[in-house]
Amino acid sequence: MARYELVKRSVALITLTNPPVNSLSSAVRHGIAKTMDRALSDPKVTAVVICGENGRFCGGADIREFAGPLRGPPLLPLLDSIEAGDKPVVAAIEGVALGGGLELALVCHYRIAHSKARLGLPEVTLGLLPAAGGTQRLPRLIGIPAALELITTGRHVSSQEALKLGIVDQVTEHNACEVAVEFALRAVAKPLSSRRLSALTVPCPPDLDALLEAVTMQIQKKARGVMAPLACVQAVRAAATMPYSQGIKRESELMATLFNSGQARALQYSFFAERTAGKWTLPSGAQWNDTKPREIRSAAVIGLGTMGRGIAVSLARVGISVIAVESDRKLMESGRQMVIGMLERDAKRRGVSASLNLLKFTLSLQDLKDVDLVIEAVFEDMALKKRVFQELSKVCRPTTLLCSNTSGLDVDALAGVTDRPQLVSGMHFFSPAHVMKLLEVVCGPRSSSETIATAMSLGKRMGKVSVAVGNCPGFVGNRMLKPYSDQATFLLEEGATPEQIDKVLEDFGFAMGVFRMSDLAGLDVGWRVRKESGLTGPDVDPKNPPRRRQGRKYCPIPDMVCEQGRFGQKTGRGWYMYDKPGGTNAKPDPLIQNLLETYRGRYGIKPRNITEQEIIERCLFALANEGFRILKDGIAAQPEDIDVIYQFGYGFPRHRGGPMFYASMVGLERVLERLEHYHQAHPDVSHLEPSPLLKKLVACGSPPIQKWREHIKTIHSHL
Ligand SMILES: CCC/C=C/C(=O)SCCNC(=O)CCNC(=O)[C@H](O)C(C)(C)COP(=O)([O-])OP(=O)([O-])OC[C@H]1O[C@@H](n2cnc3c(N)ncnc32)[C@H](O)[C@@H]1OP(=O)([O-])[O-]
């Protein structure tokens, strides 16, 4: 796992060989220990270079090993011994030096980086801290403020920035290994004492306490309830205030508290879930690694509303030429201005030039005959979408892929009106589409594997986390949202307020509570859908019992809010009030309080005190319960897909892992017991009835989440 060669007669070249990222598994650590011993004891060797195979220095500790007992030599003493050695050691950094990989580079006496390399200490994103001396050595090398920023955010830096910060000694365009060998030969005669970072004193800023306090406050605001960044601040404080030997002890103590925490488990699960989610399989057996996606050079976007504009920007900024279609000249012109403005601002932020020449705007679908792929983003109206797909089927060449950005309509019904159902899929973006990272790729029963591969790979190219999902109303994300938001509105009836529910959910870690999120998204969209499905509005039979629709319990409060013209932030009023239309500063509104009181009075509901626990359990267990149904129905292939969708599309806190991981952490038995309890109290709320899969998993002894797939056995997968 570490190869040893003698080059230039006196340089020991140690190459880490653990593809794909040369992580520091026990075998690699063992290999480093063995080869370093050999280099230090061989009198012919005057210097050492450490590099990684396949142009990747090292991606850090092997995260998969964290789940088991420690095997092989521990990293910290191994690294200390490299630094203490009496022969110069040079790190040749190509690709990445991350986490333990950068800590390995920091104990080398010199660091040479290739110009395309990236460096960083991302442990914080895994719920940990750089506990192989990183929190103590980096501040000694680059000072407290810069080290604090890198360690608490986990940000990767380019080799150019690393040079400016002083992390590396040289950046090269050439083979970093060869440059490092030459460098090592020149370093032989030089003293090493000033190159041992642990022996340096920390350049301490005079306002240390104020700095640490400011960073702590920033973290508490941005990453509420997350432990690791705060532990990182404490470890850096130790570097500033203690000698190395004590600082390193503090680092270990802090790591011990993090290592076995639920947050670390959730964040590490999330790391792998994100990677697993891209690996789709269809019922035909076709899968991600055996289906070649088509290359997309040109695309069209139909509709320049909020979604269409964001999609056009996402495509153009990765070099795809885009034809944007509107039905009306005025809308097209305002869309054009907005798309150009968004692209220019985006390019300025990234320090590149805006790719405006890739954009074309038109009023005619006829202009789309030569594009490779179309994304329809018109109003959420099936009849309208069908007309668009029929028209596309006539004008586009027979090989053009036709995708819909529908957020929940039947993709197969759209495929059915075209001459190429196998080339139709859903590409459900999240608003604003140029910012939000999630893309649900909806597989219709007739979508070909090439169509899915192309949509998934296009999503990746646009920087999205793409997840393949089956075709059912609402797909995965919006289907699960319904029971979650229904529970929140039922809780309003029973005595809660929007701000109370939001606070509980935000304290749990959600970016926004359910009511603030609805105000941001716009309340009128759901209202229109409810009217169309006959749940509210003039078509509802007056003989219908109050608070019941279509045989189920129904809460009309959201409709009553909309009837008052309160559509959320855009109208300056919704579940909250805002300073002005478009304002973002949400304040509780006494009118909503009055509305709730009048409503409860009308139906004789005696408000009761609702606890934080009940809010969490009813909202989140109902959410996960629907997730179990989705797994059973074969709409999502694995729990990881659901969790990734909720993290990237709905603001579910990453340090809780996602609704399914959260359920597994709470304990499936407990989730089942609480759902049974709430369903007994509300027998007319079907979402609270425990799903058969949940019951089955509990009956099988609540296996860990990675094993759930073995119990799902979907007869007819929709994926
Ligand atoms: C005391 C200890 C203190 C030290 C702590 C640490 O170092 S904590 C660690 C700090 N380090 C980090 O946080 C870095 C984490 N890694 C990354 O950020 C990225 O993987 C990358 C930038 C290195 C490469 O990006 P890319 O888009 O080119 O590739 P990709 O992302 O698709 O990965 C390819 C495959 O490698 C797998 N895998 C990757 N890394 C690890 C690992 N460390 N371990 C195990 N496996 C790892 C990954 O799961 C995937 O497997 P699959 O699905 O094929 O079975």
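Trainee: What kinds of residues make up the shell around the ligand: nonpolar, polar or charged?

Mentor: There are 11 nonpolar, five polar and eight charged residues in that shell. Keep in mind that we're looking at a predicted model.

Trainee: Okay, and how many residues surround the ligand, and which are the closest?

Mentor: The ligand is surrounded by 24 residues, and the closest are Arg56, Ala61, Gly100, Arg275 and Lys279.

Trainee: Which helix gives the most to that shell?

Mentor: That's α11, with three residues. Helices α3 (100-107) and α11 (262-277) each bring at least two residues to the shell.

Trainee: Let's talk distances. What does Arg275 do at the ligand?

Mentor: Arg275 has a polar side-chain atom 2.6 Å from an oxygen atom of the ligand. Gly100 comes in with its backbone instead: one of its N or O atoms is 2.8 Å from a ligand oxygen. Then look at Gly59, where a polar backbone atom sits 2.9 Å from a nitrogen atom of the ligand.

Trainee: And how much of the ligand does the protein cover?

Mentor: On its own the ligand has 1000 Å² of accessible area, and the protein covers 76% of that.

Trainee: Switching to Phe66. Where is it?

Mentor: Phe66 is in the loop between β3 (47-52) and α2 (75-84).

Trainee: What does Phe66 contact beyond its neighbours in sequence?

Mentor: Leaving out anything within four places in sequence, Phe66 is in contact with Ala61, Leu128, Phe259 and Gln268. You've met Ala61 already, as one of the closest residues to the ligand.

Trainee: What about Phe66 and Arg195, how many Å separate their C-alpha atoms?

Mentor: Those C-alpha atoms are separated by 31 Å, and the two residues are 129 apart along the chain.

Trainee: New topic: the nonpolar core. Which residues touch the most other members in the largest one?

Mentor: Leu368 and Ile501 do, in a core of 101 residues. Helix α23 (residues 612-632) contributes the largest share of this core, 11 residues.

Trainee: Which residues does Leu368 touch?

Mentor: Not counting residues up to four places away in sequence, Leu368 touches Ala300, Ile302, Ile323, Val325, Leu392 and Cys396. There's also a second, separate core of 68 residues, and Ile14, Ile32, Ala91 and Ala105 are among its members.

Trainee: Back to Ile501. Which residues of its helix, α18, are buried?

Mentor: Helix α18 covers residues 498-508, and its buried residues include Ile501 along with Pro498, Asp502, Val504, Leu505, Glu506 and Phe508.

Trainee: What do those buried residues pack against?

Mentor: They pack against helices α17 (477-494), α19 (514-521), α22 (590-602), α23 and α25 (659-666), plus strand β20 (576-577). Notice α23 there, which you just met in the largest core.

Trainee: What follows α18?

Mentor: Gly509 follows α18, and it has a positive phi near 130°.

Trainee: Where else is phi positive, in a residue that isn't glycine?

Mentor: Try Lys8, with a phi of about 50°. Lys8 is in the loop between β1 (2-7) and β2.

Trainee: Is Lys8 buried or exposed, and why do you call it that?

Mentor: Lys8 counts as exposed because its relative accessible area is 52%, and the cut-off for exposed is over 50%. Ser702 also has a positive phi, near 50°. Its place is the loop between α27 (692-699) and α28 (709-712). With a relative accessible area of 25%, Ser702 is partly exposed.

Trainee: Which prolines come after a cis peptide bond?

Mentor: Pro20 is one: the bond joining Pro19 and Pro20 is cis, with omega about 5°. You'll find Pro20 in the loop between β2 (11-16) and α1 (26-41). Another is Pro432, where the peptide bond from Ser431 is cis with omega near -10°. Pro432 lies in the loop between β15 (424-429) and β16 (438-443).

Trainee: Last one: Asp559. Buried or exposed?

Mentor: Asp559 is buried, because its relative accessible area is 1%. The residue sits in helix α21 (residues 557-563).

Trainee: What does Asp559 touch in there?

Mentor: Not counting residues up to four places away in sequence, Asp559 touches Trp527, Arg530, Thr536 and Tyr554. With Tyr554, a polar contact of 2.5 Å joins the two side chains.

Terms used
Residues numbered from 1 in each chain as written. Predicted model: local features only at pLDDT ≥ 70, side-chain atom pairs only at ≥ 80, totals over all residues. Heavy atoms only, no water. Near = heavy atom within 4 Å. Polar contact = N/O pair within 3.5 Å; in protein donor to acceptor, adjacent residues only side chain to side chain. Areas by Shrake-Rupley, 256 points an atom, 1.4 Å probe, with all protein chains shown as cover. Helix = DSSP H or I, 4+ residues; strand = E, 2+ residues; numbered from the N terminus. Nonpolar A, V, L, I, M, F, W, Y, C, P; charged D, E, K, R; others polar. Core = buried A, V, L, I, M, F, W, Y, C linked by side-chain atoms within 4.5 Å. Buried < 20%, exposed > 50% of the residue type's maximum accessible area, 1.4 Å probe, protein only. Contact = heavy atoms within 4.5 Å.
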